[in-house]
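Let's walk through this structure together, one feature at a time. Keep the sequence and the 3D view side by side as you read.

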Amino acid sequence: MTPWRPFLDPMPMETGWLLFLPPLIVAVALVQRLIKAKRLRDVPREAARLCVQVFALLGVAAGSLWLLLWVR
């Protein structure tokens, strides 16, 4: 059995790869809000708002692409 070589061989992710998306979005939103925040007290609310915006825009983009493929 050959070992998995990062950056050379793609990671086998046939199922469940979308489960990595929510933690990634939350982590990116928290880091971005921590960098930009004027007050630390506002970070959780602003990060949650950013997460909702990203999820909504990803949903709109996915729906638009699905519709584009379905109509074509």
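A good place to begin is arginine 5, which is partly exposed, with a relative accessibility of 43%. Please keep in mind that this is a predicted model. The side chain of arginine 5 meets that of aspartate 9 in a salt bridge, with 3.0 Å from N to O. Its partner, aspartate 9, is partly exposed as well, at a relative accessible area of 26%.

Between these two in the sequence you will come to phenylalanine 7. This residue belongs to the segment before α1, the helix that covers 21–36. Is phenylalanine 7 buried or exposed? Its relative accessible area is 87%, so it counts as exposed, the cut-off being over 50%. The backbone deserves a look here too: phenylalanine 7 has a positive phi of about 70°, although it is not a glycine. Most residues other than glycine have a negative phi.

Now move along the chain to aspartate 42. Which side chains does aspartate 42 meet in salt bridges? One is that of arginine 39, at 3.1 Å from N to O, and another is that of arginine 45, at 3.0 Å. Arg39, Asp42 and Arg45 are thus linked in a network of salt bridges.

The members of this network differ in how much of them is accessible, so take them one by one. Aspartate 42 has a relative accessibility of 11%, and because the limit for buried is under 20%, it counts as buried. Arginine 39 is partly exposed, at 44%, while arginine 45, at 55%, counts as exposed. In total, the structure holds four salt bridges, among them the ones described here.

With those details in place, step back and view the whole chain. How many helices and strands does the protein have? There are two helices and zero strands. Along its principal axes, the C-alpha trace spans about 50 × 40 × 15 Å. The radius of gyration is 17 Å, whereas a compact globule of 72 residues would come in near 11 Å.

The surface adds to this picture. Of the 72 residues, 8% count as buried, and aspartate 42 is one of the buried residues. The protein exposes about 6,700 Å², and carbon and sulfur atoms supply 73% of that area. As for charge, there are 9 positive and 4 negative side chains. The centres of these two sets lie 13 Å apart.

How values were computed
Residues are numbered from 1 along each chain as its sequence is written. This is a predicted model: local features need pLDDT of at least 70, side-chain atom pairs count only at pLDDT 80 or more; totals for chains, interfaces and linings use all residues. Side-chain values use heavy atoms; hydrogens and water are left out. Helices (H or I, at least four residues) and strands (E, at least two) are DSSP runs, numbered from the N terminus. The radius of gyration is taken over C-alpha atoms; the globule rule is 2.2 Å times the number of residues to the power 0.38. Buried means under 20% relative accessible area, exposed over 50%, partly exposed in between (1.4 Å probe, protein chains only). Accessible areas come from the Shrake-Rupley method with a 1.4 Å probe; for residues, only the protein chains shown count as cover. Lys and Arg count as positive and Asp and Glu as negative; His and the chain ends are not counted. The place of a charge is taken as NZ of Lys, CZ of Arg, CG of Asp or CD of Glu.
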